[in-house]
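Visitor: I would like to go through this model with you, starting from one helix and moving on to the cores and the sheet. Could you show it to me?

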Amino acid sequence: MVDSRSPRARLPENWRRVFTTRAAIVLVLLVALLSVGTAVVNIGTNAVGGPLEEYVPVAVRSAAAFTGALTGFMMVGSALALRRGLRVGWWASLLLLPLTAAQGLLQSSPYSFPLVVLSLVSMPTLLVTRKRFDKPLALSTTQIAAGASLVGVQLYGTIGGYALREEFDSINTILDAFYFTLITSSTVGYGDVTPNPGSVQGMLFTMSVLILGVASFGIAIGALVGPVIQDRISKTLGKMTESQLQLLDEHILVLGYGELTEPIVDELADSGREFVVVTSDREAATVLTDRGISVVNGDPSDEEPLRRAKIERA
């Protein structure tokens, strides 16, 4: 018999599931940070000494170092998606882990060895926890349109810049055209790629890229980042967003949260039924929201919180 006071007895029944899931998230995050750190070190020191040093050209080693930092930042995003249980985060991590291992090998530096090992170790853990990350990525039509406009402007500028390369100074390849589009649409404008003097066509094209780029960046930030900030504020305050409230239908309302209703909430959460807790306790609302339970913050004896919780549909 296990002593009820022992540490093992205090563990939740699904502690193995929780441990492996968190281990996968932590490993992906560590690989992301190590990828960025290794890239910065290799760029700064230009160290060599890896097993592929004799076979990898210097240009490839430098490219692997610079792209390693980019891959690391992308993996930070995939780790955050894993933390939310998103399936897209699992797929992104599965694709990026072999890439970080390959970049570590191509960097041909002794500092890259831990990155290669950790990337390879993380892949089996990620595969084992495949079924733990099953939430779909729900994007609104506005968010999809904003992302498409951002990509569309970059394609427009890159293809157009390359097609009009004779009208520009220093655009010779498709990479030069993409570089020009990126620094123009983001308003950085180093001035190293400019239209040829007297080229009206080049000048008009540059202005179009600038206007469309600024507009697409602004729309994308508002559409993609805004809802995330709103959702975080709502969770911090223990509130449901208006879009979540509009989707409520044939749900159960639990009025108040305390010793009396806590067992009811736990039973409903285990049953998978859709329900909403109406409580004026902000601390309890935050705890419930962290558990993934829908909460409307307000006095359950008032009519307004009940209307917001769609009592007529409950």
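Visitor: Which residues of α5 are buried?

Guide: This is a predicted model, in which local features need pLDDT of at least 70 and side-chain atom pairs count only at pLDDT 80 or more, while totals for chains, interfaces and linings use all residues. Residues are numbered from 1 along each chain as its sequence is written, and side-chain values use heavy atoms, with hydrogens and water left out. Taking buried as under 20% relative accessible area (exposed is over 50%, partly exposed in between; 1.4 Å probe, protein chains only), the buried residues of α5 are Q143, A146, V153, Q154, G157, T158, G160 and G161.

Visitor: How far does helix α5 reach from its first C-alpha to its last?

Guide: Helices here are DSSP runs of H or I with at least four residues, and strands are runs of E with at least two, numbered from the N terminus. Helix α5 covers residues 141–163, which is 23 residues. The expected span, 1.5 Å times one less than the number of residues, is 33 Å, and the helix comes close to it at 32 Å.

Visitor: Which helix supplies the largest share of the largest nonpolar core?

Guide: A nonpolar core is a set of buried Ala, Val, Leu, Ile, Met, Phe, Trp, Tyr and Cys residues joined through side-chain atoms within 4.5 Å. The largest has 16 residues, and those touching the most other members are V28, M75, L82, W90, L97, L126 and F133. At least two residues come from each of α1 (15–45), α2 (58–83), α3 (87–107) and α4 (113–128), and the largest share, five residues, comes from α1.

Visitor: What is the order of the strands in the open sheet, and which strands stand at its edges?

Guide: Two strands pair if DSSP finds at least two bridges between them. The open sheet has three strands with parallel pairing, in the order β3-β4-β5. Each edge strand has a single partner, so one side of it is left without a neighbour in the sheet, and these edge strands are β3 (252–255) and β5 (294–297).

Visitor: What angle does the direction of helix α10 make with that of β5?

Guide: Axes are lines fitted to C-alpha atoms, for helices over the stretch in contact, and angles run from 0 to 180 degrees between N-to-C directions. With contact meaning heavy atoms within 4.5 Å, helix α10 (residues 282–290) packs on the sheet and touches β4 and β5. The angle between the directions of α10 and β5 is about 160°.
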